[in-house]
Amino acid sequence: MVKNTSIIDFPCWTDEKGSLVAVEAEDTIPFPIYRVYYIFDVGAKERRGFHSHLDLEQALVCVNGSVSILIEDDVASESVVLDDPTRALYVGPMVWREMYDFSDDAVLLVLASRHYEPSDYEKDHGRFQEKARAYFQQHESERR
Ligand code: TYD
């Protein structure tokens with residue numbers, strides 16, 4: 001997968017009464033939850049996101065309907081379809097994201113590791129690529 005991303009399968013309790021998913025911070029997902037927001041009523045042709053974050057970690061869950069997420073690191077990109085309320089896309093720092101193909105009934109829930117900080121955003125794709133190259137080179141050399 002694209003660097004600093006992964007799929008997290010949430011535990012789900014299903015019985016004759018229905019289904020329940022519980023998410024525990026720093027357990028089911030690897031970070032403390034400082035903010036929750038959700039995106040809905042998005043037109044089928046709309047595309048959102050177009051940014052990366054310097055420090056923020058997020059878990060994206062499509063709790064109803066479906067949506068596609070384009071994720072990109074310094075060298076690779078891929079699209080992930082979210083259409084299952086028991087499955088999250090983890091997106092860490094320095095990953096470009098775009099959200100598109102929202103179904104009419106899509107509700108995209110986002111759990112975030114920090115409060116809203118406009119200064120944590122990189123919205124210019126060219127600058128994102130430069131910063132991502134430097135960031136991942138540094139991280140890869142630290143791991144060696
Ligand atoms: P925006 O970043 O444009 O959404 P997207 O990344 O999905 O395209 O956010 C839309 C508006 O909501 C913008 O005015 C900023 C505001 N906003 C907050 O006030 N708090 C938040 O936590 C987020 C994510 C956005």
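This briefing walks through the fold, the ligand site and three residues of the structure above.

The model is predicted: local features need pLDDT of at least 70, side-chain atom pairs count only at pLDDT 80 or more, and totals for chains, interfaces and linings use all residues. Residues are numbered from 1 along each chain as its sequence is written, and side-chain values use heavy atoms, with hydrogens and water left out. The protein chain holds 1 helix and 12 strands, and its ligand has 56% of its area buried by the protein.

**Overall fold**

- Along the sequence, the pattern is β-β-β-β-β-β-β-β-β-β-β-β-α; here helices (H or I, at least four residues) and strands (E, at least two) are DSSP runs, numbered from the N terminus.
- The radius of gyration of the protein chain is 16 Å, which agrees with the value near 15 Å for a compact globule of 144 residues. This radius is taken over C-alpha atoms, and the globule rule is 2.2 Å times the number of residues to the power 0.38.
- Measured out along the principal axes, the C-alpha atoms fill a box of roughly 50 × 35 × 25 Å.
- Of the 144 residues, 40% are buried; buried means under 20% relative accessible area, exposed over 50%, and partly exposed in between (1.4 Å probe, protein chains only).
- Among contacts (heavy atoms within 4.5 Å) with a separation of 6 or more, 77% join residues 24 or more positions apart.
- The accessible surface of the protein chain is about 8200 Å², and carbon and sulfur atoms supply 46% of it. Such areas come from the Shrake-Rupley method with a 1.4 Å probe; for residues, only the protein chains shown count as cover.

**Around the ligand**

- The shell consists of Arg-35, Tyr-37, Ile-39, Arg-48, Gly-49, His-51, Met-99, Tyr-116 and Tyr-121, where a residue counts as near if one of its heavy atoms lies within 4 Å.
- Two arginine side chains come up to ligand oxygen atoms: a polar atom of Arg-35 lies 2.5 Å from one, and an N or O atom of Arg-48 is 2.9 Å from one.
- Gly-49 takes part through its backbone, with a polar atom 3.0 Å from an oxygen atom of the ligand.
- Taken alone, the ligand exposes 540 Å².
- Strand S4 (35–40) and strand S5 (48–53) are the elements that give two or more residues to this shell.
- By class, the shell has 5 nonpolar, 2 polar and 2 charged residues. Ala, Val, Leu, Ile, Met, Phe, Trp, Tyr, Cys and Pro count as nonpolar, Asp, Glu, Lys and Arg as charged, and the others, Gly among them, as polar.

**Two residues of strand S5**

- His-53 sits in strand S5 and is buried, with a relative accessible area of 2%.
- The side chains of His-53 and His-51 make a polar contact at 3.3 Å. The term means a pair of N or O atoms within 3.5 Å; within protein, one must be able to donate a hydrogen and the other to accept it, and residues adjacent in sequence count only if both atoms are side-chain atoms.
- Beyond four places in sequence, His-53 touches residues including Gln-58, Asp-120 and Tyr-121.
- Phe-50 also belongs to strand S5, but is partly exposed at 35% relative accessible area.
- Setting aside neighbours within four places, Phe-50 contacts Trp-96, Arg-97, Glu-98 and Lys-123.

**A buried loop residue**

- Ser-113 lies in the loop between strand S11 (107–112) and strand S12 (121–122), and is buried at 9% relative accessible area.
- Its contacts outside four places in sequence are Phe-31, Pro-32, Tyr-34, Leu-56 and Glu-57.
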